[in-house]
Amino acid sequence: MIPPEYTTHGEREQQPIARPPFNEWHSPNGCLWAQFYRDAAGYLLRFPRLADFEVSADGKHVQGWAASGVQPGTMQHLYLNQAMPLALSRQGKLVLHASAVEVDRAAIAFVGASGQGKSTLAASFATNGARFLTDDGLYLEASTSELVAYPSHPSLRLWQDSELAVLGQHAATSAPVQYTNKERFLAGPRIAFCDEPRPLRRVYFLGAGTAQCVAIRRIRPAAALLELVRNSFLLDIGEQEMLASHFAAISDLAERLTNYQLDYPRRYDDLHVVRDTIIRHARMLDSAA
Amino acid sequence: MTLPTMIVIAPDVMTRKVGDETVILHLGDGSYYGLDVIGTRIWTLLAEGRPPVDVCEAIVAEYEVTRSRAEQDLEALLNELLARGLVKSAA
């Protein structure tokens with residue numbers, strides 16, 4: 001993977017923009033989270049009161065400006081988790097809202113919206129003998145023979161309750177991020193990180209946590225395709241050529257993988273059962289293949 | 001029950017058959033729509049240029065369904081596809 005060339009310029013006041021955005025994202029509580037504008041050079045991504053990013057039309061260059069009072073750690077985080085995946089989508093790359101861990105030298109991905117437990121699962125694996133590739137923003141490349149999952153930034157973001165349950169006390173943190181109460185933890189001796197690409201073996205779509213015990217069921221390719229669409233980054237859905245190629249890439253992914261829904265009660269004490277079940281399931285399928 | 005005389009697939013859609021189901025992408029607004037097995041069969045027949053009346057006949061012949069139920073379900077599906085701009089009435 002060749003990441004975009006990123007330049008950060010320090011603080012800049014967010015001037016009002018007269019034209020309407022072509023797209024907006026809202027957080028689960030309804031607050032405006034991001035606005036997307038087209039401009040002469042490509043795109044302007046605005047995170048109100050946090051940052052502006054200019055992305056070149058080809059997605060190869062990104063420039064960032066922090067809003068007043070926004071710390072470099074927050075900027076870096078916004079870039080890595082939002083602007084960079086969106087820029088990669090302009091290069092025709094596939095980036096999913098997914099965490100991924102390495103089991104038996106292959107990657108297992110957990111796809112899901114924010115708050116569904118992607119990072120907690122990744123942290124649980126990474127502190128118990130496996131390694132994590134990313135806690136969100138999973139970049140994939142497809143060759144004729146295999147799908148390859150790429151590592152992202154070697155850090156994990158966890159809510160405080162997950163942090164205490166999974167990592168315990170005294171884990172090394174990085175600079176706080178101002179728009180979330182999640183803490184970011186750096187990979188290291190206690191949190192193992194896989195810094196090499198790995199073949200993607202399995203995708204699990206995370207359920208809502210309503211299951212009474214760990215439940216894994218196969219889901220149909222069309223349902224998987226729609227889930228992958230919902231959980232993938234695409235900067236400009238208005239550009240039909242890019243939209244069509246994105247659809248084709250996601251469809252290929254849905255067809256090449258056997259897709260499963262994974263649900264389990266969100267109880268920290270039982271995370272070891274979830275891990276063991278996933279590992280057994282993945283190995284069972286490999287041995288049956 | 002009135003089925004449209006003729007339906008055509010909208011020009012700005014892209015479809016992908018995955019397994020025995022189909023996902024449709026509306027390139028105009030970036031929305032997606034999933035069709036189950038029977039919906040996929042209906043879509044295939046419409047794409048072949050078959051009028052809805054013929055499509056209904058085919059569904060009655062191929063699946064265990066009464067004509068009135070097939071008409072009712074086909075009309076509901078076509079109305080949904082029309083509302084989403086995925087097909088157009090050519091009558």
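This passage looks at a pocket and at two loop residues in a predicted model.

Empty space in a protein can be found in a simple way: rolling a probe the size of a water molecule over the atoms shows where such space is left. In this model, the second largest pocket holds about 280 Å³ of space. Its lining is made up of 16 residues, and those closest to the centre are Gly92(A), Leu94(A), Leu140(A), Ala142(A) and Ala249(A). Two elements of chain A, strand 11 (138-142) and helix 5 (240-256), each provide at least two residues of this lining. Helix 5 of chain A is the greatest contributor, giving seven residues. Sorted by class, the lining of the second largest pocket contains eight nonpolar residues, along with four polar and four charged ones.

Attention now turns to the backbone. Most residues other than glycine have a negative phi. Against this background, Arg49(A) is worth finding in the structure, with a positive phi near 65°. Arg49(A) sits in the loop that links strand 4 (42-47) to strand 5 (51-56) of chain A. The relative accessible area of Arg49(A) is 66%, so this residue is classed as exposed, the cut-off being over 50%.

A second arginine can be described in a similar way. Arg105(A), which is not a glycine either, has a positive phi of about 65°. Its place in chain A is the loop between strand 8 (98-103) and strand 9 (106-111). Arg105(A) also counts as exposed, because its relative accessibility is 58% and exposed means over 50%.

Definitions and conventions: Residues are numbered from 1 along each chain as its sequence is written. Chains are lettered from A and ligands numbered from 1 in the order in which they are written. This is a predicted model: local features need pLDDT of at least 70, side-chain atom pairs count only at pLDDT 80 or more; totals for chains, interfaces and linings use all residues. Side-chain values use heavy atoms; hydrogens and water are left out. On a 1 Å grid over the protein atoms alone, a cavity is a set of points where a 1.4 Å probe fits but cannot get out, and a pocket is an open set with protein on both sides within 12 Å along at least five of seven lines; lining residues have an atom within 4 Å of a point. Grid points are joined across faces, edges and corners, and a volume is the space filled by probe spheres set on the points. Helices (H or I, at least four residues) and strands (E, at least two) are DSSP runs, numbered from the N terminus. Ala, Val, Leu, Ile, Met, Phe, Trp, Tyr, Cys and Pro count as nonpolar, Asp, Glu, Lys and Arg as charged, and the others, Gly among them, as polar. Buried means under 20% relative accessible area, exposed over 50%, partly exposed in between (1.4 Å probe, protein chains only).
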